[in-house]
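Student: Please take a close look at a single part of this predicted model, beginning with one side chain and its surroundings, and then connect it to other places along the chain. I would like the reasoning to be spelled out wherever a class or a cut-off is involved.

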Amino acid sequence: MPGVFDGLRVLDISSGIAGPMTTMLLADNGALVTRIESPRGEPFGAHSGSRVWNRGKRNAVLDLETDDGLSTFRALAASADLVVESFSPGTSQRLGIDHATLAVGNAGLITCSITGYGRLGRDRDRPGYDALVAARTGLFYDQKGRRGTAMEYISGRPGPEPEFDAPADLVRGTNRPGPIFPRTPWPSIGAMYFATLGIAAALRAREVTGQGQWVETSLLQGALASVCLNWQRVENPDAPLYWMWPVDSRSLEGLFECSDGRWVHHWTLRPSWVLTAAEGDDLAHVDLGAAYRSDPDRVSMEPDGMLTGLFLHPLLTDAFRKFPSDAWVKAGEAAGIGMALVRSPAEALSDESFIADGCVVETDDPEVGRIRHVGPVLEFSATPGTVAGPTARPGLHTEEVRAEAAAPRATPPAARPRRGDLAHALQGVRVLDLGLGVAGPFAGRVLADLGADVIKIHALHDTYWTGTHMGLGTNRGKRSIAVNLKHDGGRAVLDRLIERADVVTTNWRPGAAARLGIDYESLRERFPKLVYCNTRGYEKGPRSDLPGTDQTAAALTGVEWEDGACDAGNPPLWSRSGMGDTGNALLAAIAITAALYHRDRTGEGQSVSTSIVNAQLLLTSYAWIHSDGTPTQWGTVDAQQYGLSPFYRLYECADGRWLFVAAVKNEHRISLAAAFRDDRIALESSEKVAAILESRLAEHPAAQWCEALNTAGVPAEVVNEEYCRTLFDDPQARAAQLVAETRAGNVGRFEDPGLLVNLSATPGVIQRGPCLCGEHTREILLEHGYTAAEIATLEADRTILDAPVAAP
């Protein structure tokens, strides 16, 4: 069966990480992607990820700085569906291949531009390398979490229990203060997600309007995507339930070293189970005893829970050190709790369960032979994807592509049928969101930002979660109905909602939806046009029934290993800007939007899925191994977590502030040597160059060095710890809708990162603030034909919760 993007013709003239990863997802799902490279070489061609991200694409070499190259490219664009580019602002206009110019002869063309900071604003011309954006936004300070949480830091408050410090041995990653360089390129990952989502949304809109448009995102928006649930500012931060400790730098996050020196990630925490199991000389089998929410000994997410965690830390540390990691993993599996070994990417890619699932695949690379790497991460029942082939050698398809460009076209592209107008890309789409935690509901949030009418189906007891900062962050833009689905009347309510829905999305454990009769197989005959999404924690296999979380999936896939620099001897690190849960949700939103595009073309609904493991494997997709398990080199972080090399790393300056230098090109390194009048910088070994730069950069303040290096042509940025504090009052950020201001019933004014992808013809929209549990129950039931008397009966029977929020 053809992939969901079958028939799309895509021209990829991007470089770096975000663009190639975006077009990889398109190629994996049927698009014909032609990668255009310069005869001067791809600036990031030596990056290990290039062997993965450019798979399944044709490769042609064209010089876009020449008339011949430009004319060939323009001829290709005249019949293309999509162009993906990552030029600095103004470059495509200078070359005459900007969206407005190309769309003159091809009104259905969609152009996706990925820049560093967007084409407007004061930072538009700043160098857009991933780590420089992370430095300028202060993202390096969010890796271990901010003391008191980022929300409290943004508000200028110390956070609850300020007199308590983390235990001295609670070390994750390097044991030093200051900003931390992780291996995961968070800004690029976020930009990749929103570029792909924007493209899918523009394709869906084109099926309705007949017109293409310009899709834009940036590494800045990608950085905001990675922290969007933590960077919040609210009117009443002391509102009950709002503050949660897991992203506080002092918190106990569940990483423990075992007797064999290996680490496991145990989440969510079940301390009574751990301590009971470890009481004797052998690790005992202990029944779980109670569901997490009803466990009287669970650690609450409120301030007292953080103190409980600090008290329990030495007890749990000693318990885990009594037994080897494999024993703990087996005990966790037997009890049905979250327990995962922290593995390297090479170990993850050797996992036979991953290979059987298809989230890891093998391809025959023309240069290095048979290799393993991440597989397709989007799953479609009617339009399944596949890796079309390995990364092609540069120029392999140049003649074929030139011949296509030179072929005469009898007529211009036919005008696409126009079915109607759209104010927003997903206008008219109704989504029922039955998701749990973060990995489920965040998908509904981003669909709402694209204009969908998202109805959150809450349980009656969800009043706790919806008031937390995580619950608020995941439920912006939605309406809420609270229904007891264990009652017959509650299932009847849900059934009536499904009758008018386009999309149903969940992330329930296997079998849960089927027990209620709302799995895809039960619904598809009645609702053949329904798009149904149920995502998972793990791959389809032995772990399917286990509780999958952001943390345990990050452990299994190598993310924590790499972000903590475990190869250098450090403990693993669970990044507080992680995108496991939110990545799962974004992949789900992409799959849902692509399935809507397919439905608009064919009338056919389908089931789509992904997993937190898939999202985490994308984070380490720069890694690949030989099919026999032999690892390769993909660039590892040093023990102090400064960076990847002396030319791409953090340096502390005379004023105690930090500077990130990104001399990624040879000309940058020559300029760096010239700026310091020291030729050794361009000639010596890495260790000696690092020592030279450390010594010199410690002579003056960071801002002074940044200006001097930028003037000399060396990309560099001061690490701005305060960026998150100034963002919400920045008029340019507000004008660009990088921040949103809404209201939520428990906290009042609610500010968080806003629209993270921009569509020129069908822009995104912040529809409303976060919904609270049952806030719109009556409104939704009336819309669906219930009478006031029927609603009163449902409420009296505790089938629904009607909890409207009073207007301020």
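Tutor: A strand here is a DSSP run of E with at least two residues, a helix is a run of H or I with at least four, and both kinds are numbered from the N terminus. With that in mind, and remembering that the model is predicted, we can begin with glutamate 379, which belongs to strand β13, spanning residues 379-380. Its relative accessible area is 18%, and because the limit for buried is under 20%, glutamate 379 is classed as buried. The side chain of glutamate 379 is joined to that of arginine 536 by a polar contact of 2.9 Å. When residues up to four places away in sequence are left aside, the residues that glutamate 379 touches are Arg536 and Lys540, together with Ser607, Val608, Ser609, Thr610 and Asn614. Arginine 536 therefore appears both as the polar partner of the glutamate 379 side chain and in the list of residues that glutamate 379 touches, whereas Asn614, also in that list, has a number that falls within helix α25, residues 612-619.

That helix leads to a packing contact. Helix α25 meets helix α22, residues 550-557, with the two axes coming within 9 Å and crossing at roughly 50 degrees. Angles under 35 degrees would count as roughly parallel and those from 65 to 115 as roughly perpendicular, so that α22 and α25 are described as oblique to each other. The crossing in which α22 passes α25 is right-handed. On the α22 side the contact is made by Asp550, Ala553, Ala554 and Thr557, and on the α25 side by Ile612, Val613, Gln616 and Leu617. Sorted by class, these residues comprise five nonpolar, two polar and one charged.

A second helix pair can be set beside this one. Helix α1, residues 18-28, packs on helix α8, residues 186-209, with the axes 8 Å apart and an angle of about 45 degrees, and α1 and α8 are therefore likewise oblique. Here, too, the crossing of α1 past α8 is right-handed. From α1 the contact takes in Ala18, Met21, Thr22, Leu25 and Leu26, while α8 contributes Ser188, Ile189, Ala191, Met192, Ala195, Thr196 and Ile199. By class this contact has nine nonpolar and three polar residues, with no charged residues, while the contact of α22 with α25 has one charged residue.

Another charged side chain with a polar partner is that of arginine 445, which is found in helix α16, residues 441-449. Arginine 445 has a relative accessible area of 2% and is therefore buried, and its side chain is joined to the side chain of aspartate 752 by a polar contact of 3.0 Å. Beyond the residues up to four places away in sequence, arginine 445 touches Cys228 and Leu229, then Gly473, Thr474, Arg476 and Lys478, and finally Asp752 and Pro753. The C-alpha atom of arginine 445 is also 9.1 Å from that of proline 770, although 325 residues separate the two along the chain. By contrast, alanine 78 and serine 611 are 533 residues apart in sequence and 37 Å apart in space, from C-alpha to C-alpha. Alanine 78 lies in the loop between α3 and β4 and counts as buried, at 14% relative accessibility.

Some backbone details in other loops complete the picture. Tryptophan 267 and threonine 268 are joined by a cis peptide bond with omega of about 5 degrees, and threonine 268 lies in the loop between β9 and α10. Threonine 149, in the loop between α6 and α7, has a positive phi near 90 degrees although this residue is not a glycine, and with a relative accessible area of 0% threonine 149 is buried. Arginine 798, in the loop between α33 and β28, has a positive phi of about 60 degrees and is likewise not a glycine, but at 49% relative accessibility arginine 798 counts as partly exposed, because exposed requires over 50%.

Conventions. Residues are numbered from 1 along each chain as its sequence is written. This is a predicted model: local features need pLDDT of at least 70, side-chain atom pairs count only at pLDDT 80 or more; totals for chains, interfaces and linings use all residues. Side-chain values use heavy atoms; hydrogens and water are left out. Buried means under 20% relative accessible area, exposed over 50%, partly exposed in between (1.4 Å probe, protein chains only). A polar contact is a pair of N or O atoms within 3.5 Å; within protein, one must be able to donate a hydrogen and the other to accept it, and residues adjacent in sequence count only if both atoms are side-chain atoms. Contact means heavy atoms within 4.5 Å. Axes are lines fitted to C-alpha atoms, for helices over the stretch in contact, and angles run from 0 to 180 degrees between N-to-C directions. Angles under 35 degrees count as roughly parallel, over 145 as roughly antiparallel, 65 to 115 as roughly perpendicular and the rest as oblique. A crossing is left-handed if the near helix is turned anticlockwise from the far one by less than a right angle, and right-handed if clockwise. Ala, Val, Leu, Ile, Met, Phe, Trp, Tyr, Cys and Pro count as nonpolar, Asp, Glu, Lys and Arg as charged, and the others, Gly among them, as polar.
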